[in-house]
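Reader: Please explain the reasoning behind the terms used for this structure.

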Amino acid sequence: MGLYVHVPFCRVRCGYCDFNTYVPGEQALAGAGAGGESPGTDPGSYVEVLLRELELSARVLGGSARPVASIFVGGGTPTLLSARDLGRIVAAARTTYGLTPDAEVTVEANPDTVDARVLADLAAAGYTRVSLGMQSAVPHVLARLDRTHDPAAVGPAVSAARAAGLATSVDLIYGTPGESLADWRRSVEAALAMTPDHVSAYALVVEEGTPLARRAARGEMAAPDDDDAADKYELADELLAAAGFAWYEVSNWAATPAGVCRHNLGYWRGGPWWGLGPGAHSHIGGVRWWNVRHPRAYAERLLAGASPGQGREILTRDQRYDEEVLLRSRLAEGLPVDTLRPEGRRAVAGLRDDGLIAKAPLRGGLLSEGTVATRALGVGGPGANARRIVLTTRGRLLADTVVHRLLDST
């Protein structure tokens with residue numbers, strides 16, 4: 001089982017972000033009366049409320065609970081919490097469920113919220129991995145994204161994390177309006193110069209309701225361009241491969257098997273996880289549920305002894321099938337052809353002819369493109385010798401099209 005822990009606080013809300021985040025002290029979090037804040041609506045009191053849900057999860061799961069193989073503390077900016085409080089989360093998970101001997105414990109961080117002392121304290125508290133929000137190495141691109149950190153701070157943060165014994169990942173965003181191909185090359189090369197264990201690269205999406213979307217609607221900036229994004233993805237993949245990184249999911253690359261994010265692999269493989277925190281989603285045994293979004297409502301429910309859950313659904317067989325095709329087809333380990341329904345199997349030949357999935361199975365049954373990544377990273381999983389659908393580079397650029405054609409029953 002995995003645990004996802006959502007920390008909904010940020011110093012500044014980035015203009016492109018539509019995550020469930022809040023700036024501590026802002027009016028949207030008020031509610032305790034004059035001069036005060038409601039419990040759980042500030043970083044200092046949040047963990048006390050969060051651990052209430054952890055206790056609730058153990059009561060709900062009862063005898064079906066299992067040791068936790070991965071914890072991912074995301075946000076927001078989790079490192080606005082103290083290292084001590086972040087350590088309390090890991091300690092409580094260990095006490096409540098137990099951790100597997102090789103449990104992966106990740107925390108996301110903005111580069112300007114950590115230093116050598118904080119990172120050493122996190123490692124001592126049981127964290128094994130830190131994911132740093134770099135986004136870009138170019139100041140004008142960061143400014144367009146409303147990112148406030150100094151790009152020069154990322155390298156020292158990676159070095160300090162490595163010195164503390166933590167695995168490192170850096171997150172990049174490409175396709176920001178005004179970002180040239182040369183800007184993007186500079187960002188990828190800067191990330192590689194830090195020699196992280198893992199790199200994520202995501203295309204910028206202008207989400208409805210965000211400041212970035214309002215700027216685009218007013219004509220103050222151009223919307224991201226699909227062709228530009230494709231060029232930048234191909235450049236990133238080329239540079240990462242030349243540096244010895246292999247893709248294992250469409251937007252994720254790792255330098256070694258140890259660099260793969262096992263928590264996220266759990267999502268993509270349809271594994272169980274409990275999501276703690278306001279707005280967090282959970283998925284266990286074919287049931288999905290989600291919490292109320294606002295930190296104050298979340299805290300009030302838990303402090304009253306009630307569930308923070310807002311809704312739930314039992315996934316139908318069709319929904320579970322669709323999700324398996326959607327998620328597993330994005331992995332370098334591939335989607336077994338034998339798991340497809342007849343309409344999906346009929347689509348395979350056309351997808352191969354169109355160059356979207358690899359054509360020829362190799363020795364061991366793995367398809368040609370993606371074989372190196374799958375074998376090198378050791379993420380083949382059970383049944384890795386089965387015939388599998390593995391995306392080509394062009395297929396990765398058109399992954400949504402591949403999924404649509406595999407699921408199309410017409």
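**Terms and their grounds**

Author: This is a predicted model. In it, R341 lies over the face of Y321, at 4.2 Å from the ring centre.

Reader: What makes R396 count as lying over the face of W247?

Author: A charge sits over a ring if CZ of Arg is within 6 Å of the ring centre and within 35 degrees of the ring normal. R396 is placed over the face of W247 at 4.3 Å from the ring centre.

Reader: Why are helices α1 and α2 called roughly parallel to each other?

Author: The axes of α1 (residues 43-61) and α2 (residues 83-96) cross at roughly 10°. Angles under 35 degrees count as roughly parallel, and the two helices are therefore given that name. Their contact involves residues including V47, L50 and L54 of α1 and I89 and A92 of α2. The contact residues divide into nine nonpolar, two polar and three charged.

Reader: Of the eight aromatic pairs found in the whole structure, why is that of Y233 and W253 called tilted?

Author: The planes of Y233 and W253 stand at 45°, with ring centres 5.7 Å apart, so the pair is tilted. Planes under 30 degrees apart count as stacked and those over 60 as edge-to-face. Y233 lies in helix α8 and W253 in strand β8, 20 residues apart.

Reader: How do you know that Y233 is buried?

Author: Buried means under 20% relative accessible area. Y233 has 3% relative accessibility and therefore counts as buried. W253, at 0%, is also buried.

Reader: What makes the pair of W274 and W289 edge-to-face?

Author: Their planes are at 75° and their centres 4.9 Å apart, so the pair is edge-to-face.

Notes
Residues numbered from 1 in each chain as written. Predicted model: local features only at pLDDT ≥ 70, side-chain atom pairs only at ≥ 80, totals over all residues. Heavy atoms only, no water. Axes fitted to C-alpha atoms, helices over the stretch in contact; angles between N-to-C directions. Helix = DSSP H or I, 4+ residues; strand = E, 2+ residues; numbered from the N terminus. Parallel < 35°, antiparallel > 145°, perpendicular 65-115°, else oblique. Contact = heavy atoms within 4.5 Å. Nonpolar A, V, L, I, M, F, W, Y, C, P; charged D, E, K, R; others polar. Phe/Tyr/Trp six-rings, centres within 6.5 Å; stacked < 30°, edge-to-face > 60°. Buried < 20%, exposed > 50% of the residue type's maximum accessible area, 1.4 Å probe, protein only.
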